[in-house]
Amino acid sequence: MLYLIIALAAIAAVMWLIYKKVHAAAAIFGVGVLLLMIAALTNRADMRTVEIEATGNAFYDQLLVVDALFKSRFSGIGMAIMVLFGFVSYMRHIGADAKTVVVLSSPLKRFRGSYWLVPVGLLIGSLLSLVIPSAAALSLLLVATLLPALIAAGLTPLTVAALVVTSSTIIPTPLEAGLIQGADLTNMSVTEFVYGSVARATVPALLITAFVHMWWQKHCDKVDARKAHADDATAGSDTLSESDRATREALERAKGLPGFYAVLPLMPLLLIIVSAILNRTGVIPFEADILPVTVVSLFIAMLIEAIRIRSITESMDSTAHFFKGMGEGAAGVVALLVAAAVLVEGITQMGVIDMLVNAAEGSTGAAVIIVLIFVGATALMAALTGSGTAPYFAFSEVVPGLAAQTSINAPQMLTAIWGTSNLIRQVSPVNAAVLIVSGAINVNPIRLVKRTCVPMIAAAVLNVVFSFLFIG
């Protein structure tokens, strides 16, 4: 019981540190290393899950465990994520991501004030998140494109702001870092994990949520109209902060780009899907992986850019942005992967995983309760921190060990906590997207969170329920 209390205190410490705006990876990693040292001090060091050459010194052996976790995470899934981040950075540099946003958002101007724009706008924003996986980056672009377009079409600023904030949530894509990791944890291909498991829960949840959104925004607009606040009429459709200058410049570059540039950011996704179809039909004997597909997409984009600007040297030089993006991925998501692995190893050595396994072994009901406990912890951390990646990566590493020894279904549990993490972060007033969009329309973040809370909580509940119902 003492070690369970220590592990719970460690998780609480991680939540508190992130809430205090300590870097998420640093908080998770620091607490994880501390747990490993406590395990060494109390003779609980256990190397069952990590292969090392033990030296006989428990403290140094724990450092070797950390070393092994660094190597395994950076050499496999971490490298794929870094390459993907590099590709996104290159797309941002040439303006192709902004071109995609402009092309997909322009048809919305034809509508005039209908609340049917709410589900349509949400689904279009969700599709755009396939191209721009960062919720903050997507919000920046949508503030300059989708937000003024929908306000011009007759929707209120707060309604549109809620759509923008909630655009990046649970769209199933093989390019999302959490889902790439989920496929790795379950020993499945990315397309099999995403479209064979995750999509079964997230797609129907997302479709229903689009109409919950429509109902809730219409209700909130009526309430606001009755209150008749003078500031409700003020909209910042052209109001962008100084930090959005880079987005303005990207959109200006997009105006001069050929229309087909909108397809370039989608190339890795399209190639992965095509290769999966060809593999399933027996045309090719393999299914393309993230890393080679992204590299091919990068070279195709680089050649197209060289033809457009008529300079092969300038086009090659611009690939420096690809490597810069790789560094951003290493410092962000991959750092979280490593930190989460260290924390989970510490929690495992405290004996918490064994306790959960014993509680859930042979009992489907107990397994469901454990999944719900993890979902609740994920939701709490996401709401407190405004982060979607940190809560998911903090808990996802535990899943394979639980699933191997209990009746828990790994894809089911991963889908439940991944969806919860990505949805509940949008009801946090400290979430980056919430702060960006509330600043753009000059409203208090709390007012915007009131617009996002009902649709996102409904979506989280639906996602968990559908994970149990539709993922076998």
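Helices here are DSSP runs of H or I with at least four residues, numbered from the N terminus. The model is predicted, and the helix numbers below follow that rule.

A pocket is a useful place to start. The second largest pocket holds about 620 Å³ of space. Its lining is made up of 24 residues, and those closest to the centre are T49, R73, E345, E397 and P400. Several helices take part in this lining: helix 3 (58-75), helix 10 (177-185), helix 16 (320-349), helix 17 (352-360) and helix 20 (399-405) each contribute at least two residues. Helix 16 gives the largest share, with five residues. Sorted by class, the lining of the second largest pocket consists of eleven nonpolar, seven polar and six charged residues.

Next comes helix 9, which spans residues 157-165. Nine of its nine residues are buried, so helix 9 is largely enclosed by the rest of the structure. The buried residues are P157, L158, T159, V160, A161, A162, L163, V164 and V165.

K99 is a single residue worth following through its surroundings. K99 sits in helix 5, which covers residues 96-105. Its relative accessibility is 12%, and because buried means under 20%, K99 counts as buried. The side chain of K99 reaches the backbone oxygen of L257 at 3.1 Å. L257 also appears among the residues that K99 touches, which are A254, K255, L257, P258, G259, Y261 and A262 when residues up to four places away in sequence are left out.

A second buried residue is A306, with a relative accessibility of 11%. A306 belongs to helix 14 (residues 290-309). Leaving out residues up to four places away in sequence, A306 touches S311, I312 and S315. M316 lies ten residues from A306 along the chain, and the C-alpha atoms of the two are separated by 7.9 Å.

Between helix 14 and helix 15 (312-317) there is a loop, and R310 is found in it. R310 is exposed, with a relative accessible area of 79%. Its backbone also deserves a look. Most residues other than glycine have a negative phi. R310 is not a glycine, yet its phi is positive, at about 60 degrees. N187 is also not a glycine and has a positive phi, of about 55 degrees. N187 is placed in the loop between helix 10 and helix 11 (190-227). With 74% relative accessibility, N187 counts as exposed.

The cysteines come last. A search of the whole structure finds zero disulfides. C220 is in no disulfide, and the nearest cysteine sulfur, that of C453, is 7.5 Å away. A disulfide needs two cysteine sulfur atoms within 2.5 Å, so the 7.5 Å between the sulfurs of C453 and C220 is too far for a bond. As for their surroundings, C220 is buried, with a relative accessible area of 10%, whereas C453 counts as partly exposed at 21% relative accessibility.

Technical notes. Residues are numbered from 1 along each chain as its sequence is written. This is a predicted model: local features need pLDDT of at least 70, side-chain atom pairs count only at pLDDT 80 or more; totals for chains, interfaces and linings use all residues. Side-chain values use heavy atoms; hydrogens and water are left out. Buried means under 20% relative accessible area, exposed over 50%, partly exposed in between (1.4 Å probe, protein chains only). A polar contact is a pair of N or O atoms within 3.5 Å; within protein, one must be able to donate a hydrogen and the other to accept it, and residues adjacent in sequence count only if both atoms are side-chain atoms. Contact means heavy atoms within 4.5 Å. On a 1 Å grid over the protein atoms alone, a cavity is a set of points where a 1.4 Å probe fits but cannot get out, and a pocket is an open set with protein on both sides within 12 Å along at least five of seven lines; lining residues have an atom within 4 Å of a point. Grid points are joined across faces, edges and corners, and a volume is the space filled by probe spheres set on the points. Ala, Val, Leu, Ile, Met, Phe, Trp, Tyr, Cys and Pro count as nonpolar, Asp, Glu, Lys and Arg as charged, and the others, Gly among them, as polar.
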